[in-house]
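Student: Could we go through this structure together? I would like to begin with how exposure is judged.

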Amino acid sequence: MSIQAAIEEKLQALEPSYLAVENESHRHAVPANSETHFKVTVVSEHFQGLMPVKRHQRLYALLADELAGPVHALALHLYTPSEWQSRGEARPDSPDCRGAGA
């Protein structure tokens with residue numbers, strides 16, 4: 001199973017109404033076909049009443065194995081359904097890696 005698929009499977013525990021796991025490794029200075037840099041967007045009722053740091057801690061706990069090994073970077077965008085709607089159902093774009101072309 002790919003790392004991306006493992007992340008997607010584990011995040012189902014949050015019963016997301018929206019889930020996007022994007023492998024952004026190709027935008028960084030890593031070997032081709034790497035799975036080291038991900039952007040994760042989760043919309044879930046489970047985040048209701050939780051401050052951002054608590055939301056991140058929930059993800060870190062679910063993805064402990066991946067974060068202890070192959071995953072080097074994880075950009076998290078975690079919203080309740082109402083927050084997601086108020087954002088126009090959009091998450092921020094990732095900046096380009098400064099070392100990617102070096």
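Tutor: Buried means under 20% relative accessible area, exposed means over 50%, and partly exposed is in between. Please keep in mind that this is a predicted model.

Student: Then is Leu67 buried, partly exposed or exposed?

Tutor: Leu67 has a relative accessible area of 31%, so the residue is partly exposed.

Student: In which helix does Leu67 lie?

Tutor: Leu67 belongs to helix α3, which covers residues 64-68.

Student: And which residues does Leu67 touch, leaving out those up to four places away in sequence?

Tutor: With those neighbours set aside, Leu67 touches Tyr60 and Leu74.

Student: How far is Leu67 from Val42 in space?

Tutor: The C-alpha atoms of Leu67 and Val42 are 17 Å apart, and 25 residues separate the two in sequence.

Student: Let us change topic. How many salt bridges does the structure hold?

Tutor: There are six salt bridges in the structure. One of them joins the side chains of Asp65 and Lys10, at 3.7 Å from N to O.

Student: Why does that pair tie together parts that are apart in sequence?

Tutor: Asp65 lies in helix α3 and Lys10 in helix α1 (residues 3-10), so the bridge ties together parts 55 residues apart in sequence.

Student: Which residue besides Asp65 is linked with Lys10 in a network of salt bridges?

Tutor: The network links Lys10, Asp65 and Glu66. Glu66 forms a salt bridge with Lys10 in which the closest N and O atoms are 2.9 Å apart. This pair also links distant parts of the chain, with Glu66 in helix α3 and Lys10 in helix α1, 56 residues apart.

Student: Are the members of that network buried or exposed?

Tutor: Asp65 is exposed, at 57% relative accessibility. Lys10 is partly exposed, with a relative accessible area of 27%. Glu66 has a relative accessible area of 8%, so Glu66 is buried.

Student: What about the salt bridge of Arg91, which residue is the partner?

Tutor: The side chain of Arg91 meets that of Asp93 in a salt bridge of 3.2 Å, N to O. Arg91 counts as partly exposed at 24% relative accessibility, whereas Asp93 counts as exposed at 68%.

Student: On to the interior. Which residues of the largest nonpolar core touch the most other members?

Tutor: This core has 14 residues, and those touching the most other members are Ile7, Leu11, Phe38, Val40, Val42 and Leu59. The elements giving two or more residues to the core are α1, β2 (37-43) and β3 (73-79). The largest share, three residues, comes from β2.

Student: Is there a general background to such a core?

Tutor: In soluble globular proteins, nonpolar side chains tend to be buried together.

Student: And what does Ile7 touch, beyond residues up to four places away in sequence?

Tutor: Ile7 touches Val21, Phe38, Val40, Leu63, Glu66 and Val71.

Student: Finally, where is Lys54 placed?

Tutor: Lys54 is in helix α2, which covers residues 52-62. At 44% relative accessibility, Lys54 counts as partly exposed. Lys54 and Gln12 are 42 residues apart in sequence, and their C-alpha atoms are 18 Å apart in space.

Terms used:
Residues are numbered from 1 along each chain as its sequence is written. This is a predicted model: local features need pLDDT of at least 70, side-chain atom pairs count only at pLDDT 80 or more; totals for chains, interfaces and linings use all residues. Side-chain values use heavy atoms; hydrogens and water are left out. Helices (H or I, at least four residues) and strands (E, at least two) are DSSP runs, numbered from the N terminus. Buried means under 20% relative accessible area, exposed over 50%, partly exposed in between (1.4 Å probe, protein chains only). Contact means heavy atoms within 4.5 Å. A salt bridge is a side-chain nitrogen of Lys or Arg within 4 Å of a carboxyl oxygen of Asp or Glu. A nonpolar core is a set of buried Ala, Val, Leu, Ile, Met, Phe, Trp, Tyr and Cys residues joined through side-chain atoms within 4.5 Å.
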